[in-house]
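Visitor: I'm new here, so please pick one part of this fold and walk me through it slowly.

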Amino acid sequence: MQSNTKKAVVLLSGGLDSATALAIAKSEGYNVYALSFSYGQRHGWELEAAKQLAKSLEASEHRIANIDLRAFGGSALTDDIAVPKARSLDEMTKSIPVTYVPARNTIFLSFALAWAEVCGSSDVFIGVNALDYSGYPDCRPEFIEAFERMANLATKAGVEGRQVLKIHTPLISLSKADIIRRGIELGVDYGLTSSCYDPSPSGQPCGQCDSCLLRKKGFRECGTRDPLPYPKEDKASA
């Protein structure tokens, strides 16, 4: 029997935010097509997390696109640049950090747009957040709005009137604590996620990069224990 369920392409990094965005898409009745990227990131462990999350959250399909952003570098995630550690929230938001990957969300959304056109979807979900984040310019509402306008001029399906693309950003105005609460309500297993920019070879988070610190702040404010296994010396602050 053929399902009439609507389809959505969901960008799934393997992190906390994208896992929650996928769960939200599922809760809204979408048949989810999860899309991850192997782009030369130093935190490649997140792809293992993405595979587990796609299975746990029952994505209809999960694809990993291979691109090489190390060809350009310019980021601590794709180049030989140290990942900042133990920074205060003020330091994180003072300027755009070196963990910003040039044009990453523009590239990822372009791939999502291509797959959405092929699979007949008019909906793309991305877990960007403009509150508890590291100041990336491609996480802002104005960027998403501009990309959506461009996307609706860029495809054959759009020109022929078969597709009016909507980019959903269900987390964009939520605090990290609110994101975690929403995910818990929807049954997300945050023990499967990977948020760290500089994990160990076995995937253990460092506990001190911006992403780890923002994640731990969210769990503290939520009043819930983070299930990830931080280093022993970091347990007290986890």
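Guide: Two strands count as paired if DSSP finds at least two bridges between them. Strands (E, at least two residues) and helices (H or I, at least four) are DSSP runs, numbered from the N terminus. This is a predicted model, where local features need pLDDT of at least 70, side-chain atom pairs count only at pLDDT 80 or more, and totals for chains, interfaces and linings use all residues. Residues are numbered from 1 along each chain as its sequence is written, and side-chain values use heavy atoms, leaving out hydrogens and water.

Let's look at strand E1, residues 7-11. Four of the five residues in E1 are buried, meaning under 20% relative accessible area with a 1.4 Å probe, protein chains only. E1 runs parallel to E2, with five bridges joining them, and Val10 sits opposite Ala34 of E2. To get from E1 to E2, the chain passes through helix H1, residues 16-27, in a right-handed β-α-β crossover: with the strands pointing away from you, the path from the first strand over the helix to the second runs clockwise.

E1 also pairs with E4, again parallel, through two bridges. Here Val10 turns up once more, with Phe125 as its bridge partner in E4.

E1 has a helix to cover, too: along with E2, E4 and others, E1 helps cover the buried residues of H4. Among those buried residues are Phe108, Leu109, Ala112 and Trp115. H4 itself takes in residues 104-119, and Gly120 comes right after H4, with a positive phi near 75 degrees.

Terms used. The expected span of a helix is 1.5 Å times one less than its number of residues. Buried means under 20% relative accessible area, exposed over 50%, partly exposed in between (1.4 Å probe, protein chains only). Contact means heavy atoms within 4.5 Å.
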